[in-house]
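Hi everyone, thanks for making room for me today. I'd like to walk you through one structure, so let me put it on the screen.

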Amino acid sequence: MNDSKDTVKRRVALKVLATTLGAGAFATALAPIQQFTDSTNVQEWLQKHYRELSSREIREVLARLEAETKQKYGREVTIQDIRPQAGVQFAYALNLSLCIGCRRCVEACHKENNHDRASHNAYIRVLEMEQGSMDMERGRADYDHPVRADDKFYLPVQCQQCENPPCTKVCPVEATWQEPDGIVVVDYNWCIGCRYCEAACPYHARRFNWRKPEIPAAEINPNQSYLSNRIRPQGVVEKCTFCLHKTRQGQLPACLEACPTGARVFGNILDESSSIRWVLENKRVYVLKEELGTKPRFFYFFDK
Amino acid sequence: MVSLPRGAPAPHARRRPRAATLTWSAPFALAFAVGACGNRDARERIFAPPTEAATGDAALHAVTIHQPRWLEAISTRETDALGRPVEVRCETCHSTQQLALPTGTANLRGPHAAMHFEHGSNQCASCHDPAHYNRLRLATGESIAMTAAMQLCAQCHGPQARDYQHGAHGGMSGYWDLRRGPQIRNHCADCHDPHAPRFPQFSPAPPPRDLPAAHRASGASHE
């Protein structure tokens, strides 16, 4: 495991690689995709970058993906293209005095986002921490005893949707970027699976699909979107999107709704009357690894 | 502060909220409207598609507070023919006569015999109205309905009540954007038993399986 200093060095190195080597790095980065050619079709290869598609082309892509899901997974799903709302900047805050480490948020994420059942993947890791330390690298994710345990606190970590995201900068093909509402997304059809972004993330918040995700048809969440919870192909990187298929339609993210302790606060920071704004203005909030200058949009606080 | 419209439809809750109107006196400035179910006219009026001109408060959906059923009824161990727990309302057994409130749980008999009490230095009469079994009493002497129990909690737990009012304690579900849909907030008693309010311990959901073996002891997912 890297300590944060090493992560920074590595990130800088990778960035240099990506920009100076240009085409060379690109070719190396393409290598992993060779293994997955049987699961990609020609149309998919020819698909332009998501951000360049016209609305008619997007409709065609979505229809194709829906048909593919039906064929591969035996389930009718709706894959929407949901754009950021004007006047909305998302932020998340988590009350560490309330969180008891029960992992209900992890379960909810697993289901909502159509994660592979076998690996039990999810975008949230809950770290069991010793009192007095906010160093996430020292947290344990594998605890398995009744919670909250005495003298411990629990630190759920997911994508921090950094304002200054190190992950998007190292992508050799611009398959990951930050949207105007602050959410960092991945175009899974554009991602080449080089995993530079995964290495660059100081919060270990990105995941790689080693296998084709397997989910029984009945368990698939059919309410999907292109940039978030549609079933990802094998060989691409994925991450928390603040459930943009819900939140961009005004709903609360799945992890928040599942929290039995009420520790999670979500909303639009541009709205002065929002809960998130109140927390940022009235609680002493922390961000993880502040020294890296990533400027997370994910905040932590204690009651006292 | 937002002021929310009345008569918006009850959102579909995980647990069906009971229709009731909570009136909040200070310290709760936020007016919570609880859904009046089945009022079709009101529903149609409020749900006219929001136009540019109607994005003010009038277009906002309701924030409702979930009403735990046990506030006005106790559950028996019985289940009905459909397997649902049988609940008995307080007034089924209690008329509203004068109460000789016990000072502890020791002499509680009958259906309440198993009650556990551990709530600071409180006395039974700190909360129960000695004149009515099915009502509570504020420190001011004012008698309030069981369903208004949050007002009672708020008078002794200011910081949590304030945080709750701002959405930072107690949790919610539904919509963050009230222009687009309703929000359901939990009741203090959904999470804290008024007699033994300490939040219970949970068995956690299973630990992650995708941690590389070498890093079991940490949160890192790197090779």
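I'll talk about the contact between two chains, and then about some backbone details in one of them.

Before anything else, please keep in mind that this is a predicted model.

Let's begin with the interface. How many residues of chain B are in contact with chain A? On the chain B side there are 40, and they touch 61 residues of chain A. Together the two chains bury about 4,100 Å² between them, and 53% of that is on carbon and sulfur atoms.

Now for the polar side of things. Between chain B and chain A there are 17 residue pairs in polar contact, counting pairs where both residues are at pLDDT 80 or more. As for where chain B does its touching, two of its elements give two or more residues each to that side: α4, spanning 158–165, and β6, spanning 172–174. The largest share comes from β6(B), with three residues. If you sort the chain B residues on that side by character, you get 16 nonpolar, 14 polar and ten charged.

With charged residues in mind, which side chains form a salt bridge here? The count between chain B and chain A is one. That salt bridge joins Lys283(A) to Asp163(B), at 2.7 Å from N to O.

Okay, over to the backbone of chain A, where I have three spots to show you.

The first spot is a cis peptide bond, running from Val147(A) to Arg148(A), with omega near -5 degrees. Arg148(A) sits in the loop between β3 (125–130) and β4 (152–157) of chain A.

Next, please find Gln161(A). This residue is not a glycine, yet its phi is positive, at about 45 degrees. You'll see Gln161(A) in the loop that links β4 to α6 (166–169) of chain A. Is it buried or exposed? Gln161(A) counts as buried, because its relative accessibility is 0%.

My last spot is Arg195(A), another residue other than glycine with a positive phi, this one near 70 degrees. Arg195(A) belongs to the loop between β6 (184–186) and α7 (196–200) of chain A. Its relative accessibility is 21%, so Arg195(A) counts as partly exposed. The cut-off for buried is under 20%.

That's my tour. If you'd like to look around on your own, I'd start with the salt bridge between Lys283(A) and Asp163(B), and then go on to the cis bond at Val147(A) and Arg148(A). Thanks for listening!

Key:
Residues are numbered from 1 along each chain as its sequence is written. Chains are lettered from A and ligands numbered from 1 in the order in which they are written. Side-chain values use heavy atoms; hydrogens and water are left out. Contact means heavy atoms within 4.5 Å. Buried area is the accessible area (1.4 Å probe) that two parts lose on being put together, summed over both. A salt bridge is a side-chain nitrogen of Lys or Arg within 4 Å of a carboxyl oxygen of Asp or Glu. A polar contact is a pair of N or O atoms within 3.5 Å; within protein, one must be able to donate a hydrogen and the other to accept it, and residues adjacent in sequence count only if both atoms are side-chain atoms. Helices (H or I, at least four residues) and strands (E, at least two) are DSSP runs, numbered from the N terminus. Ala, Val, Leu, Ile, Met, Phe, Trp, Tyr, Cys and Pro count as nonpolar, Asp, Glu, Lys and Arg as charged, and the others, Gly among them, as polar. Buried means under 20% relative accessible area, exposed over 50%, partly exposed in between (1.4 Å probe, protein chains only).
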